[in-house]
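Here is a walk through one protein model, aimed at somebody who would rather look at residues than read tables. Keep the structure open beside you as you go.

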Amino acid sequence: MCLFMGLTLFWVLFKEQHKLLPISQHRIYSNYKWSINCILAVQLVGVALGSIAPATRWFVAARFKSSDIGHRSFKNEFKVETYWTQKLVYWQERPLPLQIRSNVLRKLVHDAKRLLLNVCIGVQIVNILFSKLVLLVSAAFLKGFLFCFHQIKTTRRAWCYNSKESRTETELDYSGYVLLLEGESGLPRKTLKNICNEADKLIQRGRKKQLKNLKQLVMKSENFSGVREFDNNEVPRLKYSSQEPPNCWSLPVVTLTSVAVSLSNIADDHKLNQLLNAVSEGLYFVKLIEKSLDKNGDLTIIRHAAEVVWVGVELSKKWLDIDLQNASLGSGSHMEALQNLSGVAEKIVSDFTTRTVVDPLMKNPLNWPAKVIAARSMYRITQTILLAQKDNHSQTNEELFERLSVMVSDIFAACLTNLVSVIILKCHSNAIEEREESVRQAAILLGESEEVLEIIQKIDLPSLDPKKAGNIEEWRAFMELNPPATASASSNNGTANPHSNAEQVSVEIRG
């Protein structure tokens, strides 16, 4: 319609400029005088701009239809699918919501409604048939034009035709992944190829954002033992409620990093900055995994505690407003730094429990402030490290720093084994309005994590239930029963290689 209006307006201006109108109609007298030409010009520009989008949609629809001409009978071409009139038929058969006591009047209103909707259904059918006719005619002309263009192009490039044909034969068929409506023809091969090419471009864009520091850190992981070792069950519990707050992936990571920053003679070292950058890159994936898998939001406050701690550590090297670089006073040994941090954390938790001893809500650790949850994590981790140091008094700051880095690496590696599941979930987004953007994000995410996933593939995975693999507590419980050596042996027997999952992600994104 916009195109027809534009052509009509353009023809009137053309005849006016070239004196093609009859003499009686040539002179138009108006109060606008000379400005009438400006008004016509503005209208022409507006109609032209308004015709671009409809014309583009018409061309795309005709292009799709042109590839399907000749594959269906004439009767099927003009078949009106039920979904075009389904809503109108539903309204027609539905009883009136009005409460009318008179049967005669109620029947009269019902018949009038059915008659009106019958007219609407008829108009809809005529509209659909006319649209199908226009589309079929347009596609026929376009197919002839494209055929001629293809023949000319083929003649000019005959020397490379055979190579292109051989490549086409080896292409995978992704038509089975396309969701079609009733009576809708399949997408042309070229359209499917363009969709796959777009996914490949998004993956390539993600590859350009490869996180090098995280890659170097994850390479230190060998058997995920740090998931079990960062919190020793022999550490005495503080006197608070009978329930223990659960752990999430990010909280022990930021706590271990805080302890690493507190070690003297390391703060200005290149290794520390590299660790901070790697943790910052890794938390990007960890937060995404935790948010995607924690559907009920049970760990929201725990994740918030990790975020609060990390802001201070990353920006100012402080843990809850405590300068980590000054944590080791006096001799400056790492033992003193660990004892100071443990003492501060224990005091924060003790003061909180003393103030809220009569508050029944505080018996649930998920109602604790983020600061108290972070302090509880710091206390248990520092006490675990101190407990391990009893048998190794000669360990230097650099050796302890390296051990903490390996623990962080193990936790990251274990958490990132869930990244494939998160990518698949993004490809299967239920909301149609969000699915396209979600698949785009999944493709970029796959490209960003490709090298890291390749490193994790080389590590033997424990035979943990995939439904439990997203929870760090489930990992710890499994590894307590199956130490790394046993877990590695069992993984060889029962665990699928994540490489197959990565291939599945690739297919899901392309589809």
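## Ser-449 and its surroundings

Ser-449 is buried, with just 1% relative accessible area. That value, like everything else here, comes from a predicted model. The residue sits in helix H18, which covers residues 432-457. Once you set aside neighbours within four places in sequence, Ser-449 is in contact with Phe-285, Leu-419 and Ile-423.

Two of those partners, Leu-419 and Ile-423, are themselves on the list of buried residues in H17. That makes helix H17 a good next stop.

## Helix H17

How many of the nine residues of H17 are buried? The count is seven, so this helix (residues 419-427) is largely enclosed by the rest of the structure. The buried ones are Leu-419, Val-420, Val-422, Ile-423, Ile-424, Lys-426 and Cys-427. If you're scanning that list for a charged residue, Lys-426 is there, and it counts as buried along with the others.

## Leading into H17: Thr-417 and Phe-224

Thr-417 is in the loop that runs between helix H16 (397-416) and H17. Is it buried or exposed, or does it fall in between? Its relative accessibility is 21%, so Thr-417 counts as partly exposed; the cut-off for buried is under 20%.

Leaving out neighbours within four places in sequence, Thr-417 touches Phe-224, Ile-456, Leu-461 and Trp-475. There's also a link across the chain here: Thr-417 and Gln-457 are 40 residues apart in sequence, yet their C-alpha atoms are separated by 8.8 Å.

Phe-224, one of those contacts of Thr-417, belongs to the loop between helix H9 (212-218) and helix H10 (225-229). With a relative accessible area of 1%, Phe-224 is buried. Its backbone deserves a look too: phi is near 65°, a positive value in a residue that isn't glycine.

Another residue shows that kind of backbone angle. Lys-317 has phi near 55°, again positive and again not a glycine. You'll find Lys-317 in the loop between helix H13 (300-316) and strand S1 (318-319).

## Helix H11 and its two partners

Start with H15. The axes of helix H11 (residues 250-262) and helix H15 (residues 370-389) come within 10 Å and cross at roughly 60°. That angle makes H11 oblique to H15, and the crossing is right-handed. On the H11 side, the contact uses Leu-251, Pro-252, Thr-255, Leu-256, Ser-258 and Val-259. On the H15 side, the residues are Ile-373, Ala-374, Ser-377, Met-378, Ile-381, Thr-382 and Ile-385. By class, that contact has nine nonpolar residues, four polar ones and no charged ones.

Now for H12. Helix H11 packs against helix H12 (residues 270-293) at an angle of about 170°, with the axes 10 Å apart. This makes H11 roughly antiparallel to H12. Here H11 contributes Ser-250, Val-253, Val-254, Thr-257, Ala-260 and Val-261. From H12 come Leu-272, Leu-275, Leu-276, Val-279, Leu-283, Val-286 and Glu-290. The tally for the H11 contact with H12 is ten nonpolar, two polar and one charged.

Why can a helix use separate sets of residues like these? An α-helix has 3.6 residues a turn, so residues three or four places apart point the same way.

## His-334

His-334 lies in helix H14 (residues 334-355). At 6% relative accessible area, His-334 is buried. Setting aside neighbours within four places in sequence, His-334 is in contact with Leu-263, Gln-389, Gln-395, Thr-396, Asn-397 and Leu-400. His-334 and Leu-386 are 52 residues apart along the chain and 9.7 Å apart in space, C-alpha to C-alpha.

## Cysteines

If you're wondering about disulfides, the count is zero. Cys-196 is buried, with a relative accessible area of 6%, while Cys-38 counts as partly exposed at 40%. Cys-427 of H17 is buried as well.

## The chain overall

Stepping back, the protein chain has 21 helices and two strands. Of its 511 residues, 38% count as buried. Among contacts between residues at least 6 apart in sequence, 81% join residues at least 24 apart.

Conventions
Residues numbered from 1 in each chain as written. Predicted model: local features only at pLDDT ≥ 70, side-chain atom pairs only at ≥ 80, totals over all residues. Heavy atoms only, no water. Axes fitted to C-alpha atoms, helices over the stretch in contact; angles between N-to-C directions. Helix = DSSP H or I, 4+ residues; strand = E, 2+ residues; numbered from the N terminus. Parallel < 35°, antiparallel > 145°, perpendicular 65-115°, else oblique. Left-handed = near helix turned anticlockwise from the far one by under 90°. Contact = heavy atoms within 4.5 Å. Disulfide = S-S within 2.5 Å. Buried < 20%, exposed > 50% of the residue type's maximum accessible area, 1.4 Å probe, protein only.
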